[in-house]
Amino acid sequence: MKVRDQRKMRTSLRTGQSSRSRSGRKVRGTTVAAIAVGALVLTAGAATAVGAAGGFGRSTVGTTDARGVLLPSNQRVKPLGERTLVSNGRLLSSVLSPDGRHLAALSYEHGTGFLTVFDAEAGKILQQIGTGVGADARLGDGTVAADGPYYSADGRTLWMSQTSDLLRFDVNADGTVAAAPVKITLINAAGPELPSGMTESVDHRTLYVALNGANTLGVIDIATNTVTRQIAVGNAPRQVALVGGKLFVSNEGGRVATANDFTNLSDNTPVVADKVTGAATSGTVSVVDPAAGTQIASIKVGLQPTALKVSGSTLFVANSNGDSVSIIDTAKRTVTQTFNVAPLPGSTVGSNPNAIEMTDGKHLLVSIGRDNALAVYGYNGPSAPVQYEGLIPTDWYPVNVQVDHATGKIIVTNDKGIGARGPQTSISEGPDANVVTGHNTYNDTGSLTRFAVPTEADLAGLTHQVFVNNDWQKLLQNTPLAQAQARPVAIPATLGAPSTIKHVFLIVKENRTYDQVLGDIGKGNSDPSLTQFGGSVTPNQHVLANRYGLFDNFYDEGTLSADGHNWLMQADANDYIEKEFGAFYRSYPAQGGDALAYQRNGFLWNAAQKAGNTVAAFGEYANFQTLPATGAPTWADWYQASQVKEGKVPGPSPIADGQYPTYSDIPSLNKVLDPAYPKFNTDIPDQYRVDIWQQNFAKAEQAGKLANLNLLWLPDDHTAGISGKDPYPTAQVADNDLAVGRIVDTISHSKDWKDSAIFVLEDDSQAGTDHIDGHRAPLYIVSPYAKTNVVNSTYYSQLNVVKTIEQILAIAPMNQEDRAAEPMTDAFTNTANLKPFTAVPNQIPLTYGLQVTTPSGAKANAVTPQAVPSVPAAAGALVAQWQIWSNHQNFGGIKATEDASNPALLNRLDWYTATGWVKPYPGDKSILGPYQVPGWDRPAAELGG
């Protein structure tokens, strides 16, 4: 931000006399002002340097001090203005009432959608209404969409979108809404139509609704509350605006594909996609003639257009996956300019613009969600290049910015606010939840921030604050080019310098917190009271943590699998994924399966290949497996196949290698994926996965072609209930632990051990509680160059693991998140210790709890189930109920999906089985049956488990 004098920006924003920088840089053909933040100036340098100046020290997540609140995403938040916290969930979107006195927001908590109404001036919650809130009965389908609500022009009606319903509330004089809305059901044979953004006709007789799931614009007669017509538009319409008598609809999935296009699916809709990454490559705005009821034009804009803002005859479009804003002349129906909004010089991917506001006709405010900021731009008409002027810090992931003309203040709605810092609950179950001893990833605390327009003098400091919050300031320094002939070290200080490590293994597991597994380890910041799968269940992980490093200040950014795997494979979760949390209304994009869930520049394996590395993938990010609709192999069949492979029982094997192949919707991943390695399916033991991997590893090692980057998924610590079709939860976690031990054993006894590094971590930590933060998770780093016998309490997250891998393999960062992250230099030494690791035998029988050993009509097998100890008589009836519940879940088989069960239930079941059915779940007064658990009837597919 260049400040030329001390004129107040508040005055300039209201008069349009803003100061502008004369220097500029070209971004997609549009000049955007070059940035200077405080005394830090960007200078040339092809390599990215890292060092002690960055990072977050030994602070723990949730630490609040003069620097702000520390998040699990390698960021702090220290927003401008006053903050109002919403302790029971996210705030997905919001709208001010026409008079500016009230703000209505769509809230989401643990699978529950509801409406939150605020006094805008006081920043006070007036009302919460909807599923699971107070004494209110279920409204609609119990979920919320990505956009809305919407006030009528007179402010007397409020419309609220849910996945299959549109709710119409009467608004009371005090701003609250009547508790009994009119419900318009929007569902057809293909499924929910997913109402999203809305607008009214000029005569206020018609409501237009973007039907995101139907790829249409819905036309509703307000007098009769009926849908009179649906008008075909582009794919996944998000918002609609009325300008000059025509309707403009942002199509998140772009234009309708033709027979000549390469396509990938999103919510069963084929969208135009990239042939390498599978990501959507089209974004459009439809122009609709409401009188004719047809689309009359389609305007090409950036990727995943979402938010719209009208100013006269000009329409601003936020291209959320394109990191840009397009400006449309609605009369000419042409784009006059598109400008990139990424504020960090040298980074153009991942800022996620998702809302636009104008303050005075001369300034734009653009919410850039991933950067926790508003970007300020000078505006002088649709054709004059916009001028970047600075940044304003917000809380975690802003999703709306609005000018409250009643007060003159800016109001920002922040999706995740200050993080998972709500009441310490087992898993956030509404405002009446029991208080327990730990945090969970679902304990989101959304927020509103309100402030007066800052002065121009203040904007420079605010911009600097955003850079400090994101740990970007170190990136503005001149750095030397990497020297290819430099002495190799484990973790090079500059990207491109040689490393002593040539082979990296990233092993991804499922869903556990640090305390759940390592709380009993007896050192570090550990709480044994929250331990479920301690040393007797996970002996290999305990030995690894004791022998190498115990990382007691490590965090997973994501809430559940839908965003957790993305943070590892893309160093981000895009705006589409963040907005899916209203109900995962289009898909559950864990491990892919949705073209809109992909960052536009690809994945970690793409970046590795661009850097000249070889890649091998085993299950990770592969979302499909070919299985028969009936008669699929049971857990016992897969286990017998593994026993045959390991020479422990005689053949033949009931399953041939590759008989049920795994595959992805991403072309580039399929080229490096071993199809014989199964994806998520708890009917398949992790031992079988290790057997398949070992075959591949042996061949690669013998041929001298072991990949530089190896991606493995070991998912069975997810657990699968107590149906008897699979082993008990403790046995599945023990299976997972043994699999980790065997892989490390195999690598450490190989000829490639001398230059290998293994990272073992969870995709997320949703399935338990932790006394520090729900995002704290286990991490194990194993290598001849890993430091041994240490407790490492440096703040690190999954981003730091990704950064470390990039630094080792000379992989260019994928976005500003991994670019700013510090590599884990203090976890390594440059002196190799080649002592191998020998796997520790499991202490829990891997068939513990197994009852079904053969499928109907299938071949017999030699698996002997282990008897389950008797349970206390008082718990007998409850155990029977949990068995019935387990039988109705989709943990395995053809419909196997991670996180497809209600976590409030699965987490309790894991606890009961781990503690012998004698100890209530933390926060409960007694052992509960599945239908006694608070929130048992909530939607499950989007919840995680």
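Which residues form one aromatic cluster? They are W882, W885, F891, Y912 and W917. Here are some notes to help you find your way around.

1. This is a predicted model, where local features need pLDDT of at least 70, side-chain atom pairs count only at pLDDT 80 or more, and totals for chains, interfaces and linings use all residues. Residues are numbered from 1 along each chain as its sequence is written, and side-chain values use heavy atoms, leaving out hydrogens and water.

2. Start with the aromatic rings. Rings of Phe, Tyr and Trp (its six-membered ring) pair if their centres lie within 6.5 Å; planes under 30 degrees apart are stacked, over 60 edge-to-face, and the rest tilted. The count comes to 29 aromatic pairs. One of them is the tilted pair of F759 and F828, with 6.2 Å centre to centre and 50° between the planes. F759 sits in strand β47 (residues 756-762; strands are DSSP runs of E, at least two residues, numbered from the N terminus). F828 lies 69 residues away, in the loop between α13 (816-820) and α14 (876-887) (helices are DSSP runs of H or I, at least four residues).

3. Both F759 and F828 are buried (under 20% relative accessible area, with a 1.4 Å probe and protein chains only).

4. Now look at the largest nonpolar core, which has 102 residues. Such a core is a set of buried Ala, Val, Leu, Ile, Met, Phe, Trp, Tyr and Cys residues joined through side-chain atoms within 4.5 Å. L506 and F759 have the most contacts inside this core. A second, separate core of 34 residues includes F533, V537, V733 and I927.

Methods: Buried < 20%, exposed > 50% of the residue type's maximum accessible area, 1.4 Å probe, protein only.
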